[in-house]
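Hi,

Here is the structure I promised to pass on. Have a look first, and my notes follow underneath.

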Amino acid sequence: MAAREPLSTPFTSSSTADDVLRGVDLTGVRAIVTGASSGLGIETARALTAAGAEVTLAVRNTTAGDAVAEAIASSTRGIRPRVVRLDLAGRATVTRFVDGWDGPLHLLINNAGVVTGALERTREGWELQFATNHLGHFALATGLHGALAQGALDRDGARIVSVSSTAHMRSGVDFDDLHFERRSYDPQIAYAQSKTANSLFAVEATRRWASDGIIANAVNPGGVATGLQRNFTTRQKESLDAAEAAGVFRYKTVEQGAAPSIVAAVAPEFAHSGGHYLDDAQVAYTVPNDADLAQHPHGVKAWALDPATAQRLWTASTNLLRV
């Protein structure tokens with residue numbers, strides 16, 4: 001039997017969300033975009049709405065979300081997304097969001113993320129970046145599994161997009177100290193751990209849920225200047241500047257940064273194929289865990305795709321959340 005060709009798409013690092021959606025009709029598609037009150041979330045939600053999707057903006061600040069919804073409506077001939085409060089670091093709001101969802105769900109775009117400059121913890125004592133970027137999205141996705149399965153029956157599949165980052169290359173998941181209770185706190189390592197977790201979620205969610213018609217993929221949007229950087233420390237800013245100078249990344253527009261999420265959400269290549277990590281709208285090549293980031297800025301480390309690690313993280317997350 002001939003070797004199967006690796007998945008590829010016609011899109012590049014310069015493609016925009018609208019490029020990906022050109023000619024695509026999403027009428028009848030119900031989508032949730034987390035973190036849709038700023039940056040990439042706004043553009044992702046706008047592009048999906050413009051293509052006809054019924055979009056829900058899942059946001060912490062509903063006042064900001066309402067302003068975004070109005071702006072989207074003004075650019076899409078009056079199609080206004082719904083706005084619902086969701087604080088991924090607050091388990092009660094995740095539960096309320098899930099309980100308040102009615103009917104099928106076809107696209108879940110886990111876009112929201114936080115970066116901290118110092119150690120912050122949730123009410124449970126969890127490190128905030130891991131709790132928000134991974135655990136909150138994990139609770140949301142597992143809570144909406146039934147809606148996604150219903151959506152999959154409606155339209156021959158439902159998809160989850162998990163927004164990761166090149167930062168994942170800095171750290172795997174430390175199961176012995178997920179919440180920095182013993183090791184000294186480094187916000188960059190904490191963020192990296194959460195982004196590796198985002199990729200591992202896509203691996204295990206696909207393994208568990210593909211039989212239900214639900215596929216998950218992780219994406220790296222690339223370097224985009226958004227509100228995510230507002231809490232950077234001087235050291236974090238210097239590290240980012242050094243990475244840019246070394247050619248690890250070049251800044252993209254918000255429209256280009258949203259494109260990988262849209263590719264994972266609508267491209268036919270990923271209708272039934274999940275557990276991938278996309279970079280510049282293509283499936284990234286895998287590199288060893290000791291690979292240098294500067295030498296492989298478009299790769300994905302093995303620890304972010306390892307099936308055994310993905311299963312272990314799912315179990316640990318389930319135990320933490322008791323879901």
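Not counting residues up to four places away in sequence, Tyr285 touches Gln295, His296, His298, Gly299 and Val300 (contact means heavy atoms within 4.5 Å). With His296 there is also a polar contact, side chain to side chain, at 3.3 Å; the term stands for a pair of N or O atoms within 3.5 Å, where within protein one must be able to donate a hydrogen and the other to accept it, and residues adjacent in sequence count only if both atoms are side-chain atoms. Val300 sits 15 residues away along the chain, yet its C-alpha atom and that of Tyr285 are separated by 6.2 Å. Tyr285 itself belongs to strand β11, residues 285-287 (strands are DSSP runs of E with at least two residues, helices are runs of H or I with at least four, and both are numbered from the N terminus). Its relative accessible area is 41%, so Tyr285 is partly exposed; buried means under 20%, exposed over 50%, and partly exposed in between, with a 1.4 Å probe and protein chains only.

Before you read on: this is a predicted model, where local features need pLDDT of at least 70 and side-chain atom pairs count only at pLDDT 80 or more, while totals for chains, interfaces and linings use all residues. Residues are numbered from 1 along each chain as its sequence is written, and side-chain values use heavy atoms, leaving out hydrogens and water.

Next, a helix pair. The axes of α5 (residues 128-143) and α10 (residues 307-321) come within 11 Å and cross at roughly 85 degrees. (Axes are lines fitted to C-alpha atoms, for helices over the stretch in contact, and angles run from 0 to 180 degrees between N-to-C directions.) That crossing makes α5 roughly perpendicular to α10, a label for angles of 65 to 115 degrees. On the α5 side the contact is made by Phe130, His134, Leu135, Phe138, Ala139 and Thr142, and on the α10 side by Leu313, Trp314, Ser317, Thr318, Leu320 and Leu321.

Two of those residues, Phe138 and Trp314, form an edge-to-face aromatic pair, with 4.8 Å centre to centre and 75 degrees between the planes. (Rings of Phe, Tyr and Trp, the last by its six-membered ring, pair if their centres lie within 6.5 Å; planes under 30 degrees apart are stacked, over 60 edge-to-face, and the rest tilted.) Since Phe138 is in α5 and Trp314 in α10, the pair ties together parts that are 176 residues apart in sequence. Both Phe138 and Trp314 are buried, and they form one aromatic cluster with Phe201 and Trp209.

How many aromatic pairs are there in the whole structure? The search finds six. One of them joins Phe97 and Trp101, with centres 6.5 Å apart and planes at 20 degrees, so that pair is stacked. Phe97 is buried at 3% relative accessible area, and Trp101 counts as buried at 10%.

Helix α6 (residues 145-155) has Ala147, Leu148, Ala149, Gly151 and Ala152 as its buried residues. They pack against β4, α5, β5 and β6.

Last, some backbone angles. Most residues other than glycine have a negative phi. Asp156, just after α6, takes a positive phi of about 55 degrees. Arg77 has a positive phi near 55 degrees and lies in the loop between α3 and β3, where it is exposed at 74% relative accessible area. For Asp280, phi is near 50 degrees; this residue is in the loop between β9 and β10 and counts as buried at 17% relative accessibility.

Cheers

Technical notes
Angles under 35 degrees count as roughly parallel, over 145 as roughly antiparallel, 65 to 115 as roughly perpendicular and the rest as oblique.
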